[in-house]
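Reader: I'd like to learn how to read pockets and ligand sites in a model. Could you walk me through one?

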Amino acid sequence: MRKQIVAGNWKMNKTLDQGLQLVSEIVNMVQDEVHNGALVVLCPPFTHLQSVVHLTKGRTNVFVGAQNCSDKVSGAFTGEVSAEMLASLGVQYVILGHSERREYFAETNAQLAAKVDLALANGLKPIFCCGETLFQRQEQDYKALVCEQLTESLFHLSADQITGFVIAYEPIWAIGTGLTASKEQAQEMHLTIRDHFAAKYGAEVAASLSILYGGSAKPSNAPELFANPDVDGGLIGGASLLSRDFTDIVKAL
Ligand code: PGA
């Protein structure tokens, strides 16, 4: 059985005090809400990770993730944070390939493959993001483009490494815009992604993937998105900054 996951991507929001307040509220509120092995992953900025790991210690259903890691092992790369450093804090997950990293920091599929390798080598679980722009959806073969992101960054991995992998499908036109993919659009792309992995790794490995939806997910649309057979949870941006909204999304799982 694949895992159901709701992950909160805080992006560059919240001071340390504000962040710890939010974590305390979420941890209290989701206490009894996470059932059947479902997981919550909180992804605050780097500066808050150690404190958030400390605050969530002992919780079997709340984990901590970073929003990025370096594609280099260590050394003279000013401002970078390595996968090994994250693992040394007790961080368990790392978001890789978010569209904002691809767009504003020019991250390429090849660079992301290196990040994935370093994350895995250090025992971190990637939450690997893919998705198309509005132009690509309207004018191009957007399914092929999303599959290409996955092929170029992940298909060098072994079946063992891909088993249980976490993918986040995030249509870029839906991120932070208030536009959400419809239930049907989400299911169509999640199935396309699962089929793409099945063609390379077989149906059993593909069935083990947790494929999360991201893009203006909120308490009002989470239930119908999560009801899709191939949607295994969400990667939540804006709504993860409000404890009530985030908890309501977790409840929708
Ligand atoms: P959003 O962001 O929920 O604010 O649209 C999602 C994301 O970028 O992960």
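**Pocket and ligand shell**

Author: Happily! Helix 4 gives the largest share of the lining of the largest pocket, three residues. Keep in mind that this is a predicted model.

Reader: What shows where empty space is left?

Author: The general idea is to roll a probe the size of a water molecule over the atoms. Here, the largest pocket holds about 660 Å³ of space. Two elements, helix 4 (99-104) and helix 5 (109-121), each give two or more residues to its lining.

Reader: Which residues lie nearest the centre of the largest pocket?

Author: Of the 23 residues lining the largest pocket, those are Phe46, Gln67, Asn68, Arg101 and Phe105. By class, the lining divides into eight nonpolar, seven polar and eight charged residues.

Reader: Now the ligand. How many residues surround it, and which are the closest?

Author: A good way in is to list the shell, then look at individual atoms. The ligand is surrounded by 13 residues, with Lys11, His98, Glu170, Gly176 and Ser216 the closest. The shell divides into four nonpolar, seven polar and two charged residues.

Reader: Which side-chain contacts should I look at?

Author: Try Lys11, where a side-chain N or O atom is 2.7 Å from an oxygen atom of the ligand. For His98, a polar side-chain atom lies 2.7 Å from a ligand oxygen. Glu170 has a side-chain N or O atom 2.7 Å from an oxygen atom of the ligand.

Reader: And how much of the ligand does the protein bury?

Author: Compare the ligand alone with the ligand in place. Taken alone, the ligand exposes 280 Å², and the protein buries 95% of that.

How values were computed: Residues are numbered from 1 along each chain as its sequence is written. This is a predicted model: local features need pLDDT of at least 70, side-chain atom pairs count only at pLDDT 80 or more; totals for chains, interfaces and linings use all residues. Side-chain values use heavy atoms; hydrogens and water are left out. A residue is near a molecule or strand if one of its heavy atoms lies within 4 Å of it. A polar contact is a pair of N or O atoms within 3.5 Å; within protein, one must be able to donate a hydrogen and the other to accept it, and residues adjacent in sequence count only if both atoms are side-chain atoms. Accessible areas come from the Shrake-Rupley method with a 1.4 Å probe; for residues, only the protein chains shown count as cover. Ala, Val, Leu, Ile, Met, Phe, Trp, Tyr, Cys and Pro count as nonpolar, Asp, Glu, Lys and Arg as charged, and the others, Gly among them, as polar. On a 1 Å grid over the protein atoms alone, a cavity is a set of points where a 1.4 Å probe fits but cannot get out, and a pocket is an open set with protein on both sides within 12 Å along at least five of seven lines; lining residues have an atom within 4 Å of a point. Grid points are joined across faces, edges and corners, and a volume is the space filled by probe spheres set on the points. Helices (H or I, at least four residues) and strands (E, at least two) are DSSP runs, numbered from the N terminus.
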